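Open your viewer and get your selection tool ready. We will make a few stops together.

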Amino acid sequence: VIPAKALNEVARLFSNEEDTIKVYDQKDTGEVVFQCGATLVYVKLLEGEFPDYKKIIPQEFQTKVIVPLSEFLQSIKTVSVFASLESGGVLKLAVDPEGNKVELSALASEIGENKTMIDAQIEGEKVEIAFNNKYLSDYLSIIKEGDLELQLNGPLSPAKLLCPKLPHYTY
């Protein structure tokens, strides 16, 4: 595991270089070496193993929601204005399978509340769950177009976000 700060520094140092950046793993010293031309940068690796993140990604789900990405992203942008710092940027998502609607909402005690509804294809149970608007926006800014699939198991369980156009990218 390479520290993010070190990777940012390597990117900054080599940003104007046209040569290929080579990476060498020095297993015996616990370091990784970045080489660009005659410049070498040594970075100390973090000790320990990267957590097995696959264990927390749900393999089964109770509710599946498919929404148009553009509508979902616009709703998040609108609702995020009300996802204040005092609430940690929390957006609430309520899934109604009977009406095939998803409601996004956020509350800011000093400003007010915002709710928006989106038509969706829903299979499964009714569920309400909260997300950090920054985390959602980070993922959505990458996938850009198409539909978004949310796989949910309840308010306290991890959710799985997928884009059929990018099947290799799970969030």
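The tour goes from a group of strands to a single residue and then to the surface.

This is a predicted model, in which local features need pLDDT of at least 70 and side-chain atom pairs count only at pLDDT 80 or more, while totals for chains, interfaces and linings use all residues. Residues are numbered from 1 along each chain as its sequence is written, and side-chain values use heavy atoms, with hydrogens and water left out.

Start by selecting residues 90-96, strand β5. Strands (E, at least two residues) are DSSP runs, numbered from the N terminus. Two strands pair if DSSP finds at least two bridges between them. Add β9, residues 127-132: this strand pairs with β5 in the antiparallel sense over six bridges, and Val95 has Val127 as its bridge partner there. Now show β6, residues 101-108, which runs antiparallel to β5 and is joined to it by five bridges. Here Glu103 stands opposite Ala94. Four residues lie between β5 and β6 in this hairpin, and Asn100 in the turn has a positive phi of about 50 degrees.

Next, pick Asn114 in strand β7, residues 112-119. Is Asn114 buried or exposed? Asn114 counts as buried because its relative accessibility is 15%; buried means under 20% relative accessible area and exposed over 50%, with partly exposed in between (1.4 Å probe, protein chains only). Beyond its neighbours within four places in sequence, its contacts (heavy atoms within 4.5 Å) include Thr78, Phe82 and Leu104.

Finish at Ile56, in the loop between β3 (39-44) and β4 (63-68). At 59% relative accessibility, Ile56 counts as exposed.
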